[in-house]
Amino acid sequence: MEDDVDRILAQWARERPDLQTEAMGVFGRIYRLARLVGDRQERVYGELGINRGEFDVLATLRRAGAPFQLSPKALSASLMLTTGGMTGRLDRLERAGLVTRAPDPADRRGLVVTLTPRGRELIDEAVGIGLAAQREVLERLPAADRERLSSLLRDLLAAVA
């Protein structure tokens, strides 16, 4: 079964037969798959009133465990965001009542961001429906192939990280 990536590779083979395009095929498919599944997740998060970036902040706080709080600096580092980008996300989440910001009792100059009960409820729901959207795609492969794919991607990621 041929896909769009196969057609692109065939065009390159015709125009530039000297190129080795195997990597283009692998990473083209990874990119397209990530984009398509990411778009699905964005839609389901949108139904809950949040976007992917806001999901990431809420999920990071939730994974931190009780009391579900981190400094803005720790959040920025975890999500690889600038402090300015983080501030915008936190402003929106705070206005929506999903997080609070308060002075850090351990550092008078700092702040601590805390997931509110409403934020915790929302992120728990969002994680569930986001995973369901991912499973819907992944379950098109047999279980053994899913495990092998995960292992191969882990190996590849470790090789470049």
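Helices (H or I, at least four residues) and strands (E, at least two) are DSSP runs, numbered from the N terminus. Keep that in mind for Thr 114, which lies in strand β3.

Before you start: this is a predicted model, where local features need pLDDT of at least 70, side-chain atom pairs count only at pLDDT 80 or more, and totals for chains, interfaces and linings use all residues. Residues are numbered from 1 along each chain as its sequence is written, and side-chain values use heavy atoms, with hydrogens and water left out.

**Exercise 1: the sheet**

Task: Work out in which order the 3 strands form the open sheet, and which strands stand at the edges.

Solution:
- Step 1. Start with the pairs; two strands pair if DSSP finds at least two bridges between them.
- Step 2. β1 and β3 (residues 107-115) run antiparallel and are joined by 2 bridges. In this pair, Gln 69 sits opposite Thr 114.
- Step 3. β2 and β3 are also antiparallel, with 6 bridges between them. Here Pro 103 faces Leu 111 of β3, and Thr 100 has Thr 114 as its bridge partner. A hairpin of 2 residues takes the chain from β2 to β3.
- Step 4. Put the pairs together and you get the order β1-β3-β2, an open sheet with antiparallel pairing. β1 (69-70) and β2 (99-104) are the edges: each has a single partner strand, so one side of each has no neighbour in the sheet.

**Exercise 2: a residue in β3**

Task: Is Thr 114 buried or exposed, and which residues does Thr 114 touch?

Solution:
- Step 1. Get the cut-offs straight: buried means under 20% relative accessible area, exposed over 50%, and partly exposed in between (1.4 Å probe, protein chains only).
- Step 2. Thr 114 has 18% relative accessibility, so Thr 114 counts as buried.
- Step 3. Now look for contacts, meaning heavy atoms within 4.5 Å. Not counting residues up to four places away in sequence, Thr 114 touches Pro 67, Phe 68, Gln 69, Leu 98, Val 99 and Thr 100.

**Exercise 3: the two sides of α4**

Task: Find which residues of helix α4 (residues 72-79) are buried, and where they sit around the axis.

Solution:
- Step 1. Pick out the buried residues of α4: Leu 75, Ser 76 and Leu 79.
- Step 2. They span an arc of only 100° around the axis, so they are on the same side of α4. (The arc is that of the directions from the helix axis to the C-beta atoms.)
- Step 3. Turn to the face pointing away from that buried side, and you'll meet the exposed residues Lys 73 and Ala 77.
- Step 4. Check what covers the buried residues: the cover includes α3 (52-63), β1, α5 and β3.

**Exercise 4: α4 against α5**

Task: Describe how α4 and α5 pack, and which residues make the contact.

Solution:
- Step 1. Two packed helices are described by the angle between their axes and the distance between the axes. Axes are lines fitted to C-alpha atoms, for helices over the stretch in contact, and angles run from 0 to 180 degrees between N-to-C directions.
- Step 2. For α4 and α5 the angle is about 110°, and the axes are 9 Å apart. That makes the two helices roughly perpendicular, the class for 65 to 115 degrees (under 35 is roughly parallel, over 145 roughly antiparallel, the rest oblique).
- Step 3. α4 brings Pro 72, Leu 75, Ser 76 and Leu 79 to the contact, while α5 brings Thr 83, Met 86, Arg 89 and Leu 90.
- Step 4. Sort these residues and you get 5 nonpolar, 2 polar and 1 charged. (Ala, Val, Leu, Ile, Met, Phe, Trp, Tyr, Cys and Pro count as nonpolar, Asp, Glu, Lys and Arg as charged, and the others, Gly among them, as polar.)
- Step 5. Zoom in on Pro 72: its C-alpha atom is 7.2 Å from that of Met 86, 14 residues apart along the chain.

**Exercise 5: unusual backbone spots**

Task: What stands out in the backbone at Ala 66 and Pro 67, at Phe 68 and at Met 80?

Solution:
- Step 1. Recall the background: most residues other than glycine have a negative phi, and most peptide bonds are trans.
- Step 2. Ala 66 and Pro 67 are joined by a cis peptide bond, with omega about 10°.
- Step 3. Phe 68 isn't a glycine, yet has a positive phi of about 60°. Phe 68 is in the loop between α3 and β1, and counts as buried because its relative accessibility is 12%.
- Step 4. Met 80 also has a positive phi, near 55°. Met 80 is in the loop between α4 and α5, and at 75% relative accessibility counts as exposed.
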